[in-house]
Amino acid sequence: MNEVNNWNSLEKLNSISKYPTALITKIFENVSEGIMITDKHKKIEMVNPAFEFVTGYKRDEVIGKTPAVLQSGVHELPFYLNMWEKIRQEGIWQGEIWNRRKTGDVYPEWLTIVGVTNDAGEISNYCGIFTDLSERKIVENELEKRLLTDSLTDVSNRFAYIERMDSLLESTSAISHSVQHAVYFLDLDRFKQINDTLGHAVGDTILIEIATRLQTLLKNKDIIARYGGDEFIITLTNVKNVREAAKFAEQIIQVIEQPMDINGQNIFISTSIGISMYPVDGESTEQLTHCADKAMTYSKKNGRNGYSFYFDELQTDSQRVLLLDSELRKAIDEREFELYFQPKIEMDNEQIQGLEALVRWNSESLGFVSPAEFIPYAEETGLIIPLSEIIIEKACEAVIKLQQFGLKIPIAINISSIHFKQSNFLESVQVILERYNTPANNFEIEVTERTVMNSATETVSKLVRLKQLGFKISIDDFGTGYSSLSYLVRFPLDCLKIDRSFIQHISSLDEKQAVVDAIIQMSHRLKMKVVAEGVEQAQQVDILRKMNCDIIQGYYYSKPLPLDELLEFIEFWEIEHQGRK
Ligand code: C2E
Ligand code: CA
Ligand code: CA
């Protein structure tokens, strides 16, 4: 810096310098930094060739002028005032500054200005030394762009999205809380399949096309980013209400649905969308994307090519799984389950032919949990086996209770295939029945089609032994698996339960009616009784009666009931139907 301080003008410099004139001149002429020396009034006295090169001004064009000729207009007056104030106080200023070349181009430079003082300590000259930063800037911009944009689709990438969202939310919260934004999480449906069958090049083309189409929907403040492989995320800013947010989701679906012509082939793409709203669903980028992601998964599960808004139950989802595990184990230890019973009504005499035991769990911390939720979970984790044993024990207790009321109605127990396939399944059931001293003919075993499908020989022998012990056997949810009736001939079955999905539309859909009719006829030929599940309307009962369905179960007669309510129901039923026996 000392050397710089001494660069007043070349002559002066030379006179006081301990370096030879020729050397100083050589440096001045050859350095790549532009150098400009002014007098104390800031009138330019000399410039070097690098100055001429960077600014485009020849020496003669600037001598006698002030450096203001280079001003770009980028900086406001206070910027220059501060700069000169700093030089006055500290003798030096350094920083990035935008100047203008003779051609009019504005460019950034790294500038050092030094105030040179004479022996009396007064400023005699100023010396400015600068490096052109424009090339470095271009590189930096390029790097930044590469860091922030997705190289395939040219929209923002995940990092840029987070950054832009953060600053959006920051500025929003500063304005007002009545502002709303909608975040859309998009996941293309079956994209993996497309990639696998048509190749990655086609997959890439599709992604680019989708990004282009999505961009046509956006206004300038909206944000779009490619979030991952086939995921995009969009923020629609300043949304008036949920309806507007929903309408936009429909637009997204519409633009994506349009067929894409790729190599002369029409390709159809659809997307599943999850939406979260700022601020109700979250006030941070992380919360909003998390919620939108959850809602997207929900959309996927609900049939794809649709959108769902986030709702609180989705949040509990993942926390719930963790809780479910620990609570279920605890509940099994403490036998926290109850059985409800749903009557099955015989059509020809209107008697209660049997009861289906359905497990209920009212957890202290989770509240009521549906068996449709915890049974599959118990199956996944193997907890179904101890659980199933508790259910069988409770069914034994119910049989004994019914006997005390003089009732002998068989109870049907649902047996999971996991339990059924255990090698000691038969023994474990027998042990329980012996312990309660309840013979097997009080029970019916319900197994699903899927349970009996594979490993036929072992299954057959198990079922045969169950029958020999006195159990009745029903095939549950018939129609949802893939077995044909003729396949079922090999099993010793007493009843076939037609799945609720067939019964549901039996009064409106002719083809469902035809299927149910065929199942009933064939089952009868195979000497099986037929139970219709999930019957809710009188009209369904009429149709089923005409088809000679043997037994009906469903809300039409009764929901599953706890044992004490069941006893009331039976009493009421017997009074109503006396004499019809
Ligand atoms: P599932 O064996 O097919 O049981 C019939 C389901 O349909 C029961 O649901 C019952 O409450 C319901 N339902 C009965 N009538 C009607 C109706 O008219 N309309 C409608 N909409 N539904 C009706 P739940 O109790 O929620 O049980 C669901 C499933 O959970 C059962 O389907 C069964 O697969 C499983 N499950 C329930 N209890 C047990 C059990 O003790 N052990 C095993 N392994 N699985 C069980
Ligand atoms: Ca069942
Ligand atoms: Ca069923």
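This passage describes the surroundings of ligand 1 and the calcium site of ligand 3 in a predicted model.

Ligand 1 occupies the space that forms the largest pocket of the protein. The shell around ligand 1 holds 20 residues, of which Gln342, Arg360, Arg500, Glu536 and Tyr555 are the closest. By residue class, this shell comprises eight nonpolar, five polar and seven charged residues. Nitrogen atoms of ligand 1 take part in several contacts with N or O atoms of the protein: a distance of 2.5 Å separates a ligand nitrogen from an N or O atom in the side chain of Glu536, while a distance of 3.0 Å is found to an N or O atom in the side chain of Gln342. At Val359 the contact is made through the backbone, with an N or O atom placed 3.1 Å from a nitrogen atom of ligand 1. Of the 800 Å² of accessible area that ligand 1 has on its own, 82% is covered by the protein. Two or more residues of the shell are supplied by each of strand S14 (352–363), helix H14 (371–381) and strand S18 (472–478), and S14 gives the most, with four residues.

Turning to the metal site, the calcium ion (ligand 3) has protein donors from Asp476 (OD), Asp477 (OD) and Glu533, the last appearing twice (OE and OE), at 2.1 to 2.6 Å from the ion. Along the chain, these donors follow the spacing D-D-x55-E. The calcium ion (ligand 2) lies 3.8 Å from the calcium ion (ligand 3), and Asp476 coordinates both ions.

Key. Residues are numbered from 1 along each chain as its sequence is written. Chains are lettered from A and ligands numbered from 1 in the order in which they are written. This is a predicted model: local features need pLDDT of at least 70, side-chain atom pairs count only at pLDDT 80 or more; totals for chains, interfaces and linings use all residues. Side-chain values use heavy atoms; hydrogens and water are left out. A residue is near a molecule or strand if one of its heavy atoms lies within 4 Å of it. A polar contact is a pair of N or O atoms within 3.5 Å; within protein, one must be able to donate a hydrogen and the other to accept it, and residues adjacent in sequence count only if both atoms are side-chain atoms. Accessible areas come from the Shrake-Rupley method with a 1.4 Å probe; for residues, only the protein chains shown count as cover. On a 1 Å grid over the protein atoms alone, a cavity is a set of points where a 1.4 Å probe fits but cannot get out, and a pocket is an open set with protein on both sides within 12 Å along at least five of seven lines; lining residues have an atom within 4 Å of a point. A molecule sits in a cavity or pocket if more than half of its atoms lie within 2 Å of its grid points. Ala, Val, Leu, Ile, Met, Phe, Trp, Tyr, Cys and Pro count as nonpolar, Asp, Glu, Lys and Arg as charged, and the others, Gly among them, as polar. Donors are N, O and S atoms within 2.8 Å of the metal (3.2 Å for Na, K and Ca); water is not among the atoms, so sites may look incomplete.
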